[in-house]
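Look at the chain below. Start with how far to trust it, then turn to what packs inside.

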Amino acid sequence: MKKQHWVILSLVSVALLLSGCTEFNEPISKDSTGFWNEFIVWPLVSAIKYFADLLGTYAWGIIAVTIIIRLAILPLMIKQTKSSKKMQEIQPKLKELQKKYASKDAQTQQQYQQEMMKLMSESGVNPLAGCLPVIIQMPILIGFYHAISRMNATSTFDLGNFFIFPLADPAPALAITAGLMQFIVLRTGPAMDNPQMKIMMYIMPFMIIAFGMALPAALSLYWVIGNIISIFQNLFIYKPWNKDKTQPAQNGGAKK
């Protein structure tokens, strides 16, 4: 049942995303209709405008909204990070299970899955914990893109600049900064010890840079601010400097 719920949730998310894909370059206002406009795009536009009026520029408005969004989903992000940390701690036991159930026949693999889920449950590991923040952030990220694009297409909005970067246009330097910040996020998190996640460490920054090169600078600004928050979160929860101190002792023990 859980898998079915996640499939349904994924399909609903895709449907919501696609519902706004045809209007990304049209003006936006409080009178815009449709679920996507009324509950995703216009609330983001309104929040950005409110803080822009309060703080003086749309750049600071975007930064303020980004911080609020990241703080709102911070409990989920912390849960994701803690779950990833626990997953790393049980890696030796998972490898033992893989050796124990090395046979590829259906019965053996079923036993392996049962033992693996039992181990995760006893260790407090939720394998889906890493998915929920991504699922939640995707509509927000696409909504940000729509909000910026449609504000740019609306004559009553003038996004202006963030220092020398026009927010409505791509900014390669800001995109590269966002990619580098993403690398630091992964380097300070559980990806540094997880062979599977290490692939993300090298792919994700390049993906963000590639997207940032083509999308408005406002999205790169969103990534930069969000990644700064993630870095502090990783430093507080994962404490990578402790891992560096204990690594030599672990290696030495392995050699004995």
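In the chain, confidence is lowest in helix H1 (residues 2–19), with a mean pLDDT of 50. It is highest in strand E2 (residues 165–166), at 92. Here pLDDT is the predictor's confidence in each residue, from 0 to 100. Helices (H or I, at least four residues) and strands (E, at least two) are DSSP runs, numbered from the N terminus.

This is a predicted model: local features need pLDDT of at least 70, side-chain atom pairs count only at 80 or more, and totals for chains, interfaces and linings use all residues. Residues are numbered from 1 along each chain as its sequence is written, and side-chain values use heavy atoms, leaving out hydrogens and water.

The chain's mean pLDDT is 78, and 77% of its residues reach 70 or more. Two stretches stay under 50. A contact means heavy atoms within 4.5 Å.

| Residues | pLDDT | Contacts beyond four places in sequence |
|---|---|---|
| 1–5 | under 50 | 0 |
| 246–256 | under 50 | 0 |

Where pLDDT is low, the predicted coordinates should not be read in detail.

Now the inside. A nonpolar core is a set of buried Ala, Val, Leu, Ile, Met, Phe, Trp, Tyr and Cys residues joined through side-chain atoms within 4.5 Å. Buried means under 20% relative accessible area (1.4 Å probe, protein chains only). The largest nonpolar core has 38 residues. Helix H10 (217–237) is among the helices that each supply at least two of them. H10 gives the most, with 8 residues.

Ser230 also lies in helix H10. Ser230 is buried, with a relative accessible area of 6%.

Conventions
Buried < 20%, exposed > 50% of the residue type's maximum accessible area, 1.4 Å probe, protein only.
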